[in-house]
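The following report looks at empty space inside and at the surface of a protein model, and then at a few residues with notable backbone geometry or surroundings.

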Amino acid sequence: MTKREFRIKRLKAVAEEYRAAQSAATLLGEELKKNPSFGDAHGWSNTAGKGFQNNLEATFIVRLYAEFEATLRDYWEKYRERDTRPPMYQLLRHAIPDQRFRQDDIDNADDVRIYRNHLIHDSEDEPPEEIVVVSVRDAELYLRTYLSRMHYDW
Amino acid sequence: VVVETDMLPRPAEFIQDVRRAARLEQKPKVLTDSSKLGPDQIAAALHGAAIWLTPKIVEKYASEDFGECPADQQERLRLAVETFRGVAGEVPPDKPATGDQLARGLTAFHELLAAVRDVVLREWTNAVERFIRDAEGWVAESGWRSRRVERQVNEALLGTYPLPQLQVFAEADLYVFDPVGRFVPGGMGAYDLAIQPSYYLTSLYRDYDGRWYGRLDVGRGIEGAARFPWDKEAFLGCLRELRSLV
């Protein structure tokens, strides 16, 4: 398995975990309806249970992006043999892509970066106009497509 | 390869600005996919997200840059730019567009997108036709066979459109020219050339001078991937090198 395949597989695994977590959240919701103090016996409050459900998508966007960022940094340091640490904007948009990348694939991956930054830094606010809200399904697709254009022999 | 937009030739910059605006205009559709937003927020986003409605989008337009287009396309583009510039210029930079401005702006913007799309697509598909025809000629001269297959490509601004994939049957090997797209960093279109089945490929792209170049980076790492002009000799060299890797 090439490193590229390995990294793409990790993204897929996180997205699959998200689907499992969605099922778990549904089951938890049903349980909380029947027994609102269900969390008390397990050391968490009803509010935390609701927070888990509401923030599930955001949590997995952050995780997917963390995998992606680690991949790009690894590619930059190990494959491109650079000892610099460019900001992700530079790395994602300029330093890594060459003409084998479609501009749409770069822009889509960058939409995930911008949205993730919003989730991390301003999660209490509504997204500003220039932010595209990206679902976990789309984020996985966008980041995977980006990685698939990186060099195979990395 | 670091590509900064300020290095682009002027017509390419204009086209990129319109393409970026086309993505922005499509954003509210993306917002509706999110379970995090309610109908009120979506309505507010639709109304407030008219950030594409600015004359800046057409700032880099110069009619003389499109002198090689057919006269009717040139005229349509000129008119679309003028109309859009007029409507977008009515919106104060510090206030949101009114309903009327938004409606007229949207009509003008869609006409602008259609006009630019036609110009870009005509030029790009003509370039691809010449590129593929050259390859077909080299294949025939070498006594091999080739076959065209239509592929659907989808890109911002251009939408979904067909481009040819070329399959080359050279003795026992299959090579495929596969379209990447018109919008790629640092170029005006790209194709992959791969030996199948494998990961190995040559990246072929069209530079801003309109010429095609190759970059055979297989087995060398990206730093060793110098570009070379695309011609028959380069084509045959790429096939040999790809063949040696499988």
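A cavity, as the word is used here, is a set of grid points where a 1.4 Å probe fits but cannot get out, and its volume is the space filled by probe spheres set on those points. The model is a predicted one, and under this rule it holds one cavity of 30 Å³ or more.

The largest cavity encloses about 50 Å³ of space. Its lining is made up of B:A12, B:I15, B:Q16, B:R182, B:F183, B:G187, B:M188 and B:Y208, a set that divides by class into five nonpolar, two polar and one charged residue.

The second largest pocket, by contrast an open space, has a volume of about 470 Å³. It is lined by 17 residues, and those that lie nearest its centre are B:D65, B:F66, B:E68, B:E123 and B:M188. Two elements of chain B, α1 (10-31) and α4 (99-141), each give two or more residues to this lining, with α4(B) giving the most, namely six residues. In terms of class, the lining of this pocket comprises 10 nonpolar, one polar and six charged residues. B:M188 appears both in the lining of the largest cavity and among the residues nearest the centre of the second largest pocket.

Which residues does A:D107 contact, once its neighbours within four places in sequence are left aside? Its partners are A:R93 of its own chain together with B:R19 and B:R23 of chain B. A:D107 belongs to helix α5 (residues 103-121) of chain A, and it counts as buried because its relative accessibility is 5%, which falls under the 20% limit.

Three places in the loops of chain B deserve attention for their backbone geometry, and the table sets out the angles.

| Site | Angle | Loop of chain B |
|---|---|---|
| B:Q196 to B:P197 | omega near -10° (cis) | B:P197: between β4 (190-196) and β5 (201-206) |
| B:L157 | phi about 75° | between β1 (145-155) and β2 (159-170) |
| B:E171 | phi about 55° | between β2 and β3 (173-181) |

Neither B:L157 nor B:E171 is a glycine, although each has a positive phi. Their surroundings can be set side by side: B:L157 counts as buried because its relative accessibility, 10%, is under 20%, whereas B:E171, at 71%, counts as exposed because that value is over 50%.

How values were computed. Residues numbered from 1 in each chain as written. Chains lettered and ligands numbered in written order. Predicted model: local features only at pLDDT ≥ 70, side-chain atom pairs only at ≥ 80, totals over all residues. Heavy atoms only, no water. 1 Å grid on protein atoms, 1.4 Å probe; cavity = no way out; pocket = protein on both sides within 12 Å on 5 of 7 lines; lining within 4 Å. Helix = DSSP H or I, 4+ residues; strand = E, 2+ residues; numbered from the N terminus. Nonpolar A, V, L, I, M, F, W, Y, C, P; charged D, E, K, R; others polar. Buried < 20%, exposed > 50% of the residue type's maximum accessible area, 1.4 Å probe, protein only. Contact = heavy atoms within 4.5 Å.
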